Amino acid sequence: GLPCATLDDVFRTTEAGSADLAIVPLENSSEGAVNRTLDLLLATPLGMLAEVSVSVQHNLLTKSGSMSGVVRVCAHAQALAQCAGWLNQHWPSLERQPVASNAEAARMASEDATIAAIAGEPAARHHNIQVVAAQIQDDTHNRTRFAVLGAQSKQPSTPSARDKTSLILSVPNKAGAVFHMLSPLAAHGVSMTRFESRPARVGTWEYYFYVDLEGHEQDQPVARALAELKDNAAFFKVLGSYPLSL
C-alpha cells in the first residue's frame, strides 16, 4: 500500500504507473457522494475494476493517547460530519478542521500534540498514535463504498454471475433531454440502480450524471442500451463493468 495525502494524489500516482490499483471512496451511506472522486473520474484514463463496501469505524486518536492540550480535531469533512453528534456531546469546544483525508489527519496528529485525528486503526498503527475513544461514528450501520481503479487494458473485464456497470453522461440543457437520454434503458429492460448529478466544472455542459446499471457491458441488453445512450448523450464515458459487491 502507498498512502497518499489527497484523492488527487491517489489518481495521479496510479495514472503514472507508480501503483497498480487505486482505491477511492465513492459514497457514504449517511453523507452521500464523495464529490472530489466524482470530479476526478471524469478525466482519468483508469477504469473501474471492482467495488468494495466497508463498515465505517472512526476512532479519536492523539499522539499521547489523552486529550490533554488538544485544541482541535482534524479529519476529512465527511468523517467530521459522521461523528458530529459524538463530538457535540463529548468535546463541543474543540475546533473542527477538515483536511484532505483521515490519513493526513493522523499524520498531523503524530507530529502535533495539540491535534486529535479521526481515523481508522490502520492509520493509528501506521503513524504510531493512540486511540482515545473507539468507534465514535454516530451511525453504527455507517458504510462507505469504495471503487478499485486500474488500467483496464491490463485487466480486461469478463462477466461474472452478477455485475454492475458505471458510466458518466451529459446532455444539452433543454426540456426533456435527460428523459430522452435515458429512454434506451427502459427500452432494453436495463435497471438503473444509481443516478447522481454533479455540476460540471469542466466542459460545456451544466451537469454530469453518474449512473450505475445492473449487468455487464458485454451483456446483450446492456450493450444495446449503451450503444443508444452513446448516440443520445453529449458526453459518454463507461467507467467499467465489475462484480456487484456484497
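Reader: In the largest pocket, which element gives the largest share of the lining?

Author: This is a predicted model, in which local features need pLDDT of at least 70 and side-chain atom pairs count only at pLDDT 80 or more, while totals for chains, interfaces and linings use all residues. Residues are numbered from 1 along each chain as its sequence is written, and side-chain values use heavy atoms, without hydrogens and water. H1, E1, strand E3 (47-55), helix H3 (77-82), H5, helix H6 (121-127) and E9 each bring at least two residues to that lining (helices are DSSP runs of at least four residues, strands of at least two). The largest share, six residues, is supplied by E1.

Reader: What volume does the largest pocket have, and which residues lie nearest its centre?

Author: A pocket here is an open set of points on a 1 Å grid with protein on both sides within 12 Å along at least five of seven lines, lined by residues with an atom within 4 Å of a point. The volume of the largest pocket comes to about 1,300 Å³. Its lining counts 40 residues, and those nearest the centre are Ile 23, Ser 101, Asn 102, Ala 103 and Phe 146.

Reader: Which residues of helix H1 are buried, and within what arc do they fall?

Author: Helix H1 covers residues 7-15, and its buried residues (under 20% relative accessible area, 1.4 Å probe) are Leu 7, Val 10, Phe 11, Thr 13 and Thr 14. Because they share a limited arc when the helix is seen down its axis, these buried residues line one face of H1, and that arc is 165°.

Reader: Which residue with a positive phi follows H1?

Author: Beyond the end of H1 the chain comes to a glycine whose phi is near 90°. This residue, with its positive phi, is Gly 17.

Reader: Why do two strands of the five-stranded sheet each have one side left without a neighbour, and which strands are they?

Author: The sheet is open and its pairing is mixed, with the strands in the order E6-E5-E7-E4-E8 (two strands pair if DSSP finds at least two bridges). A strand at the edge has a single partner strand, so one side of it is left without a neighbour in the sheet, and this applies to E6 (95-98) and E8 (130-133).

Reader: Which residue of E8 is the bridge partner of Leu 60?

Author: Strand E4, residues 59-62, is paired with E8 in the antiparallel sense, and three bridges join the two strands. For Leu 60, the bridge partner in E8 is Ala 133.

How values were computed: Buried < 20%, exposed > 50% of the residue type's maximum accessible area, 1.4 Å probe, protein only. Arc of directions from axis to C-beta. 1 Å grid on protein atoms, 1.4 Å probe; cavity = no way out; pocket = protein on both sides within 12 Å on 5 of 7 lines; lining within 4 Å. Points joined across faces, edges and corners; volume = space filled by probe spheres on them.
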